[in-house]
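Visitor: I have a two-chain model on screen. Could you walk me through how its parts meet?
Guide: Gladly. Ask away.

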Amino acid sequence: MITLSEIAHNIHVKLSGAITNETLLSITEMAIVGIILLGSLVMLSFFLGYMERKVAAFMQIRLGPNRVGPKGSLQIVADTVKLLFKEGLTPNASDKFLFNTAPYIMVITTMLVIAPIAYSSGFQIWDTSIGVLYVSSVSSVSVIGILMAGWSSNNKYSLLGAMRCGAQIVSYELSIGLSLIAIVVLTGSLRMSDIVMSQADGWWIFKGHIPVLIAFVIFIIASTAEINRAPFDLAEAESELTAGFHTEYSGMKFAMFLLAEYINLFIVCAMGATLFLGGWMPLHFGADNAFNHAMDYIPGFVWFFGKTFFLIFVIMWFRWTFPRLRIDQLLNLEWKYLLPISMINILLVTIIAIFGWHF
Amino acid sequence: MGSAALIMLIICGLAFAGGGIYLSKVLAKTSHNPVKGEAYECGIPTTGTSWIQFNVGYYLFALIFLVFDVELVFLYPWATAAKSVGVVALIEIVVFMFILFMGLLYAYRKGALKWM
């Protein structure tokens, strides 16, 4: 069976045969990876946009996009072309430098967080030893982009949206960090590939008893808040703030915010799938048996993307299930419930890890 | 691929965002109109600037966040070593969490967690 890492290795061997210069070789490889990455990210955001609208339609018993392309699958492409031909306006009263820099910061931050995600065995852009710490620290830079966008627009809606968003992201970052640390305690490593390998005999959500289950639930709630999706979409609550921090953005700059939002959704779900649901590891129960062998035939990237898209579906499901919270309810939920619970949960996880009570 | 990939990712992001915005600038039809430059506030003319003082509640939460975020950074090295250190790590984290919990309780009693 051909795996993604073998394909990558073959390309590397072919290239190193053709190009002898070491620096030139690595630059060529970088360029290839960059082009593939950009292409797949654009495809991914198209797909997520389509999925979002189809899931919404499914939840509300209607058809959703069904005119452009087969089953409306080209609707998002048409929307992007439309946005490309829109004039990008900059308000007269805005801070023009900050206003135009904010979309770049959003896109670059999202691109950087992509690096340590493990798609398949040995198929990773950067397998760093500080993977989890890197993701949680770099992803929080995006709040600067949001605050810049909101502040520089010189629009009341934008400012309110950005302030709410800042308070929300920094608050929920704590619970996200604590639930990630729960898994780090169990594996003893921050490296993504180590975390996946530690789940070879069962995913942490099955192995780690109830504390890991609590950590997983907290992770899902906090990450929904972290990426500003309903029911925590106060920052862009369309019924109160028109569009929140990106009210003044139009054309391609708006498209950049949208792209960053979808890629962030993917990253958060990929992190959840890697840490709690075993990443590219197949579903294994116990030791050597027929069920495990059958599961091994499904390639790793299918497992990874299957789990990731399952979590994405769950987060889209939330949007049509829960009503939006108020800002005081939102902060109450984090500071009076999620944070104390996750702090105590860390202690429980530590007890399980140290005494080896996990399976 | 090593940490050089980060430079590649930054260049990718810059090229993607810059390319898209530049392409839109070239392709899109522009027209000049004084109303277009106004802030969008649902058709009502804007009164004053929005660069004003805002609710102090956000500032309070940012302050508490700072304390807890530093704590989170301290937890990462502990978390990687906890399993190999054993029971000592458990006792340490219980003391650490107790002090932090007292901090949270203090903020709660002082009313810092109440939205005004």
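Guide: One rule before we start: two residues are in contact if their C-beta atoms, placed from the backbone, lie within 7 Å. Also, this is a predicted model.

Visitor: How many residues of chain A are in contact with chain B?
Guide: Apply the 7 Å limit on C-beta atoms. On the other side, chain B brings 59 residues. Chain A brings 66.

Visitor: Which helix gives the largest share of the side of chain A that touches chain B?
Guide: Several helices of chain A give two or more residues to this side: H2 (22-59), H4 (96-114), H7 (156-187), H12 (251-275) and H15. The largest share is 14 residues. The helix behind that share is H15(A).

Visitor: What is the class make-up of that side of chain A?
Guide: Sort the residues of chain A that touch chain B by class. Charged residues number 7 and polar ones 15. The nonpolar residues number 44.

Visitor: Are H15(A) and H2(B) roughly parallel or roughly antiparallel?
Guide: H15 of chain A spans residues 327-354, and H2 of chain B spans 57-85. Their axes come within 13 Å and cross at roughly 15°. Angles under 35 degrees count as roughly parallel. Therefore H15(A) and H2(B) are roughly parallel.

Visitor: Is the crossing of H15(A) and H2(B) left-handed or right-handed?
Guide: The angle alone leaves the hand open, so to speak. For H15(A) and H2(B), the crossing is left-handed.

Visitor: Which residues of H2(B) make the contact with H15(A)?
Guide: H15(A) contributes A:Leu331, A:Thr350, A:Ala353 and A:Ile354. By class, the residues of this helix contact are 5 nonpolar, 1 polar and 1 charged. From H2(B) come B:Phe61, B:Ala82 and B:Lys83.

Visitor: Now within chain A. Which element gives the most to the side of domain 1 that touches domain 2?
Guide: Chain A divides into domain 1 (1-85) and domain 2 (86-354). In their contact, 22 residues of domain 1 meet 23 of domain 2. H1 (4-18), H2 and H3 (75-84) of chain A each give two or more residues to the domain 1 side. With 11 residues, the element that gives the most is H2(A).

Visitor: How many Å separate the centres of the two domains of chain B?
Guide: In chain B, domain 1 covers 1-29 and domain 2 covers 55-116. Taken over C-alpha atoms, their centres are separated by 38 Å.

Conventions:
Residues numbered from 1 in each chain as written. Chains lettered and ligands numbered in written order. Predicted model: local features only at pLDDT ≥ 70, side-chain atom pairs only at ≥ 80, totals over all residues. Domains from an automatic or database assignment. Axes fitted to C-alpha atoms, helices over the stretch in contact; angles between N-to-C directions. Helix = DSSP H or I, 4+ residues; strand = E, 2+ residues; numbered from the N terminus. Parallel < 35°, antiparallel > 145°, perpendicular 65-115°, else oblique. Left-handed = near helix turned anticlockwise from the far one by under 90°. Nonpolar A, V, L, I, M, F, W, Y, C, P; charged D, E, K, R; others polar.
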